[in-house]
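Here is a quick walk through one protein model, with a look at its strands, its charged pairs and its cysteines. Have the sequence and the 3D view open as you read.

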Amino acid sequence: MAFDGFVVSNLVHDMKDKLIGGRITKISQPEKDELVLTIKNYDTLKLDISVSPSLPLMYFTEETKPAPLTAPGFCMLLRKHLNSARILDIVQPGFERVIKISIEHLNEMGDVCRKWLIIELMGKHSNIIFTDENNVIIDSIKRISAAVSSVREVLPGRTYFIPKTDEKSDIIKADFDSFKNKLSESNHIISKSLYLSYTGFSPLFANEICHISGVDHDSHPEQLSGNDYLSLYEITLNFVKKALSGEFSPCIAVKDGNYSEFSCFELSVFNGDNNSLIYFDNISDTLRAFYLQKEKQSRINQKSASLRKILQNLTERVSHKYDLQQKQIESTLKREKYKVYGELITTYGYSLPENSKELTCIDYYTGNEVTIPLDDTIPVMANAKKYFDRYAKLKRTYEQASLQLEQSGEELEYLKTIRVSLDIAENEADLNEIRKELTDFGYIKKSPVNKKDKLKAKSRPLHYVTEDGYHMYVGKNNYQNDYLTHKFATGNDWWFHAKKVPGSHVIVKCDSNGEIPDKVFETAAALAAYYSSVSSNDKVEVDYIQKKNVKRPNSALPGFVIYHTNYSMNIKPSIEGLTIVND
């Protein structure tokens with residue numbers, strides 16, 4: 001994620017087009033570090049400004065956020081000065097992550113006054129600052145005293161300025177010689193040198209410049225030739241010219257099906273396996289789409305935290321039990337030896353005198369001489385019974401431990417499928433179904449049924465359609481896998497699953513003869529690989545077979561099936577070429 005100076009430049013460009021000349025009709029402060037300005041120009045627009053330390057953000061929105069009944073002091077101050085105020089100009093100093101909005105309004109005496117609303121989108125140092133036309137701070141959404149920052153105080157009455165650092169320069173003022181000298185003197189790799197040397201650069205943008213220039217972003221400045229520096233300079237200058245002229249291409253990079261990065265320019269560094277780009281008409285739509293998905297995933301992660309903790313504890317407990325059972329089996333490995341000892345004593349022991357402490361004889365199974373310890377406090381032949389009893393006890397232990405080990409192994413595999421279900425979960429309905437499954441099998445204590453729970457949205461399998469119209473269904477948990485395979489699919493439909501690893505059942509619906517094109521087989525296999533525990537692998541082996549050949553063993557756990565004479569293919573996990581259907 002890179003809310004860098006170039007993204008800010010794109011945002012300023014859009015704001016100039018839409019807001020200059022408009023009037024502020026409403027100001028609200030839904031959160032302590034967030035403002036929403038409603039501006040009426042040709043259309044009525046809402047500008048959401050968040051200076052959250054973890055997520056500084058600014059974009060146009062259509063969402064109406066509830067405001068507190070009593071407006072915070074900073075919001076009341078802005079309403080006093082800026083209600084019905086007109087926006088004169090919007091500027092970005094250099095490529096700083098700063099937006100200055102020039103505003104004209106009438107004071108209590110009816111005189112025309114000008115103010116600045118300054119938005120600093122600088123990570124944990126982000127702020128919204130309100131100043132007069134002489135840059136004297138009237139107030140800010142976050143007051144910063146000298147005790148908090150030794151660089152700059154942000155308090156009423158102080159003069160506003162943008163903190164400067166000696167290390168960073170304005171790329172607009174750079175010529176080739178200064179550009180080359182600044183980078184060549186750096187002690188960092190070239191990509192880091194770029195974003196540490198110039199204002200507004202981010203690591204993502206620096207990597208993009210290196211990629212287009214054909215320069216390894218991990219190389220050190222002394223490894224670069226003059227042509228390398230020239231190429232870096234020309235590519236950088238080209239981006240600067242595009243930004244200054246408003247030639248932007250807002251996009252989101254998708255990696256392994258998830259939103260990975262956003263930018264105001266095409267991200268060629270993401271062209272490759274498992275990567276793709278989604279383009280948008282403007283930067284606000286880009287930011288809104290990107291952060292909505294991130295926020296959605298964050299909410300799901302928070303809501304699933306308790307389930308993940310339960311699952312982790314269960315897995316650790318069963319793993320511990322599995323290890324103990326393995327050790328128990330290892331302790332029985334000598335059982336056959338004790339059986340042979342008993343047989344050899346029975347065969348040769350009659351010739352030994354009583355009170356003998358050992359028997360040396362030939363093992364007729366191996367032909368080797370063996371010495372067998374004897375208990376001299378009991379008769380010689382009683383030692384045979386003692387060894388037979390020990391053998392019988394270890395055999396019973398082995399059989400019981402083997403059965404328990406198999407059950408523990410199956411339980412571990414089952415818990416792994418629950419973990420995959422949690423990773424796939426998209427909403428609270430999915431989590432509720434996983435919670436129900438854990439409750440049904442006694443892992444979670446059953447709670448009283450709430451009538452409201454019955455009215456909640458139900459979780460449904462994922463539904464995709466290929467470009468040529470084939471419908472594919474993906475189970476998001478074990479119950480859905482069971483439903484798709486044993487109730488929804490017909491005999492000639494095709495069934496796909498990643499081989500010998502936890503994952504979703506994928507069903508491809510087809511006509512009565514069960515014939516589908518080779519491309520559909522590959523797409524379905526890639527889909528099954530994508531929704532598996534090994535989706536990060538370059539290649540995944542996927543089994544596929546017609547549904548009529550898939551059986552569920554009696555008393556098997558949900559999602560467990562058996563099948564024979566299946567087909568297999570190795571394929572890269574992907575959901576490309578598929579359209580999601582919201583049933």
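## Cysteines

Cys210 is buried, with a relative accessible area of 1%; "buried" here means under 20% relative accessible area, "exposed" over 50%, and "partly exposed" in between, using a 1.4 Å probe and protein chains only. Before going further, keep in mind that this is a predicted model, where local features need pLDDT of at least 70 and side-chain atom pairs count only at pLDDT 80 or more, while totals for chains, interfaces and linings use all residues. Residues are numbered from 1 along each chain as its sequence is written, and side-chain values use heavy atoms, with hydrogens and water left out.

How many disulfides does the structure hold? The count is zero, taking a disulfide to be a pair of cysteine sulfur atoms within 2.5 Å. Cys210 is in no disulfide, and the nearest cysteine sulfur, in Cys264, sits 17 Å away. Cys264 is itself buried, at a relative accessible area of 1%. The closest cysteine sulfur to that of Cys264 belongs to Cys251, and at 8.5 Å this is too far for a bond.

## Strand S4 and its hairpin

Helices (H or I, at least four residues) and strands (E, at least two) are DSSP runs, numbered from the N terminus. Strand S4 covers residues 56-61, and six of its six residues are buried, so the strand is largely enclosed by the rest of the structure. Pro56, Met58 and Phe60 point one way from S4, while Leu57, Tyr59 and Thr61 point the other way. Both sets are buried.

The partner to look at is strand S3 (residues 44-51), which runs antiparallel to S4 and is joined to it by six bridges. Strands count as paired if DSSP finds at least two bridges between them. Lys46 stands opposite Thr61 in S4, and a hairpin of four residues takes the chain from S3 to S4.

## The seven-stranded sheet

Further along there is an open sheet of seven strands with antiparallel pairing, in the order S20-S19-S17-S18-S16-S15-S21. Strand S20 (567-571) and strand S21 (578-580) are the edge strands, each pairing on one side only. Neighbouring strands of this sheet are turned by 25 degrees against each other on average, direction ignored; the axes behind that are lines fitted to C-alpha atoms (for helices over the stretch in contact), with angles running from 0 to 180 degrees between N-to-C directions. At the S21 edge, strand S15 (residues 462-466) pairs with S21 in the antiparallel sense over three bridges. Val465 has Thr579 in S21 as its bridge partner.

## Salt bridges

Side chains of opposite charge can pair when their charged atoms come close. A salt bridge here is a side-chain nitrogen of Lys or Arg within 4 Å of a carboxyl oxygen of Asp or Glu, and by this rule the count comes to 22. Three of the pairs are in the table.

| Pair | Closest N and O atoms |
|---|---|
| Arg86 and Glu104 | 3.2 Å |
| Glu120 and Arg152 | 2.8 Å |
| Arg288 and Asp285 | 2.4 Å |

Take Arg86 and Glu104, whose closest N and O atoms are 3.2 Å apart. This pair links distant parts of the chain, with Arg86 in strand S5 (residues 86-91) and Glu104 in strand S6, 18 residues apart. Arg86 counts as partly exposed at 27% relative accessibility, whereas Glu104 counts as buried at 19%.

Glu120 and Arg152 form a salt bridge too. Glu120 is in strand S7 and Arg152 in the loop between strand S9 (137-140) and helix H3 (176-184), so their pairing ties together parts that are 32 residues apart in sequence. Both Glu120 and Arg152 are buried.

Arg288 and Asp285 are a local pair: they are three residues apart in helix H7 (residues 283-303), which puts about one helical turn between them. Arg288 is partly exposed at 22% relative accessibility, and Asp285 is partly exposed at 25%. Elsewhere, Glu34, Asp48 and Lys65 are linked in a network of salt bridges.

## The loop at Asn107

Asn107 is found in the loop between strand S6 (98-106) and strand S7 (112-120), and at 23% relative accessibility it counts as partly exposed. A polar atom of the Asn107 side chain lies 2.9 Å from the backbone nitrogen of Met109. The C-alpha atoms of Asn107 and Lys80 are 9.2 Å apart, with the two positions 27 residues apart along the chain.

Technical notes. Polar contact = N/O pair within 3.5 Å; in protein donor to acceptor, adjacent residues only side chain to side chain.
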